[in-house]
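Below is a short note for a colleague who has the coordinates open. The points deal in turn with the domains, one of their interfaces, and the internal space of the model.

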Amino acid sequence: MEQLIMSSPKLNLFSFSGNIKILHMTWIAFFISFVVWFNHAPLMLSIAKTLNLSQPEIKTILILNVALTIPARIIIGILVDKFGPKRTYSTLLALGSVPCFMFATADSFQELALARFLMGFIGAGFVIGIRMVGEWFPARQVGIAEGIYGGWGNFGSAAAAIALPSLALMFGGDDGWRYAIGCTGVIALLYSVVYFFSVTDTPKGSTYFKPKKAGAMEVSSIWDLFFYVLMNIPLYAALSLITWKVSSFGGANFTSLISDTTAVFIHIAIWCLFAYNVYKIVHINEEHLQKPIEEIHKYKFKQVAILDLAYMIAFGSELAVVSMLPMFFFETFHETQGITMIQAGLLGGCFAFINLVARPMGGWFSDKFGRKFSLTVFMAGMALGYFIMSSITAEWPIVVVVLLTMSCSCFVSGGCGAVYAIVPLIKRRMTGQIAGMVGAYGNVGGVLFLTILSFVTPSIFFLVMGGVAVTVLLAVQFIDEPQGHMAEVLEDGSIEMIELS
């Protein structure tokens with residue numbers, strides 16, 4: 001028996017029922033996870049003063065914060081497809097409070113480093129909401145809904161920067177930062193309970209489709225199998241790059257947190273894990289690839305691969321630019337225009353602040369004008385923006401630079417929204433895994449571009465990102481516009497057709 005999933009009523013964000021309630025509850029969960037994930041950043045000076053941290057130790061803490069998020073997004077993607085968003089998000093928020101409390105009570109650099117490394121896992125919470133929102137919204141609204149979820153939730157990092165210093169001051173004393181960070185852990189723990197009892201994985205009467213086997217994505221052809229394995233290599237390469245940074249091989253910019261011998265063993269372990277991942281990919285796919293696959297059950301892995309690359313440049317460059325922009329503004333305009341560090345920080349924050357509006361805009365644009373066209377527009381705008389930013393000099397009027405930065409940020413954040421407007425429309429039962437892989441590539445981009453920045457000038461840094469954006473723009477031309485319906489098999493063997501346009 002064939003069923004069609006029908007469109008829902010008009011989107012009304014002031015409602016707090018049905019799918020709008022789920023959207024609000026879920027973006028708040030994401031918002032809290034980002035507050036916890038970035039709770040250290042605005043308090044780093046106080047933390048460094050209390051524990052006498054050096055600059056290399058501070059940089060090491062910052063890189064450890066994103067290290068675990070790369071594999072975590074893959075793991076969380078598998079778990080959300082298997083257990084559902086409600087249980088997965090609630091569990092992640094509850095468990096994420098533990099390293100938060102560890103960080104708040106740390107008395108040494110080593111304790112801070114361990115807690116920060118473990119905290120990276122909560123950064124994978126983003127993936128869970130992509131599946132939840134995809135379950136509750138029809139194709140014609142999924143772009144704007146995913147954009148609101150991502151844009152408003154992502155504002156948690158900015159909210160942490162605004163609220164936590166004031167909270168630390170309110171508690172007062174040298175340990176004010178500890179109480180402020182501890183409060184974010186308490187909020188995450190409490191909301192994990194609220195979320196569990198407030199949401200369901202699907203609308204009433206809908207089926208939550210799960211993969212037949214857990215551990216890797218199913219693909220539709222032997223060529224897609226090879227493609228899938230190939231696209232996993234950069235994920236493990238990024239982990240090796242992070243390991244190199246925190247060992248003595250990484251140079252003077254980072255603390256040698258591990259010895260050279262330990263680093264070698266970690267590199268070996270990373271690539272042994274890659275070999276095991278390849279085994280799982282082959283094992284999960286070998287049986288069904290030996291039989292003919294019906295056309296309605298096929299999907300093209302190139303869709304996932306292109307979105308991987310698009311998110312790598314969009315979110316990856318956003319992570320890198322947000323990290324370097326305040327210092328770039330200060331070093332460029334301090335002497336010529338008298339910009340202070342505080343002013344540079346505020347001006348640099350405009351790049352991330354735009355995300356609040358631009359990411360939902362990217363999703364809406366994708367719903368309205370088509371997925372492929374929208375992604376093309378945002379990649380082109382991003383490339384042009386970075387190329388122009390590479391020519392910024394101290395003589396440029398600061399107003400022009402800020403407007404240019406905000407314009408570029410619109411395309412960057414809009415590109416993120418356009419990517420995740422497509423993710424739920426590839427294969428419903430694997431949405432979590434697809435979202436996890438795409439999200440992991442965003443972190444890979446952040447690690448890659450920040451590493452490049454450590455070797456080149458800001459001008460070259462922007463040029464490189466512009467060049468990558470052009471390359472991805474060409475790749476986007478090979479993506480297929482989602483249209484028609486995708487097929488999923490119900491437990492009784494009947495087929496459910498899910499609308500894609």
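1. The domain assignment divides the chain into domain 1 (14–202), domain 2 (221–292) and domain 3 (299–488). Please keep in mind throughout that the model is a predicted one.

2. The C-alpha centres of domain 2 and domain 3 are 25 Å apart, and the contact between these two domains draws on 12 residues from domain 2 and 15 residues from domain 3.

3. The size of an interface is often expressed as the accessible area lost when the parts come together. For domain 2 and domain 3 this buried area is about 1100 Å², and 78% of it lies on carbon and sulfur atoms. On the domain 2 side, the residues that lose the most area to domain 3 are D224, M231 and L235, which together account for 40% of what that side buries.

4. As to polar interactions, the rule finds zero salt bridges across the interface of domain 2 and domain 3, whereas three residue pairs are in polar contact there, both residues being at pLDDT 80 or more. The side of domain 2 that touches domain 3 is made up of nine nonpolar residues, one polar residue and two charged residues.

5. Turning to internal space, the structure holds one cavity of 30 Å³ or more, and the volume of the largest cavity is about 30 Å³. Its lining consists of F30, F34, R73, F126, N154, Y311, F315 and R359.

Technical notes: Residues numbered from 1 in each chain as written. Predicted model: local features only at pLDDT ≥ 70, side-chain atom pairs only at ≥ 80, totals over all residues. Heavy atoms only, no water. Domains from an automatic or database assignment. Contact = heavy atoms within 4.5 Å. Buried area = accessible area lost by both parts, 1.4 Å probe. Salt bridge = Lys/Arg side-chain N within 4 Å of Asp/Glu carboxyl O. Polar contact = N/O pair within 3.5 Å; in protein donor to acceptor, adjacent residues only side chain to side chain. Nonpolar A, V, L, I, M, F, W, Y, C, P; charged D, E, K, R; others polar. 1 Å grid on protein atoms, 1.4 Å probe; cavity = no way out; pocket = protein on both sides within 12 Å on 5 of 7 lines; lining within 4 Å. Points joined across faces, edges and corners; volume = space filled by probe spheres on them.
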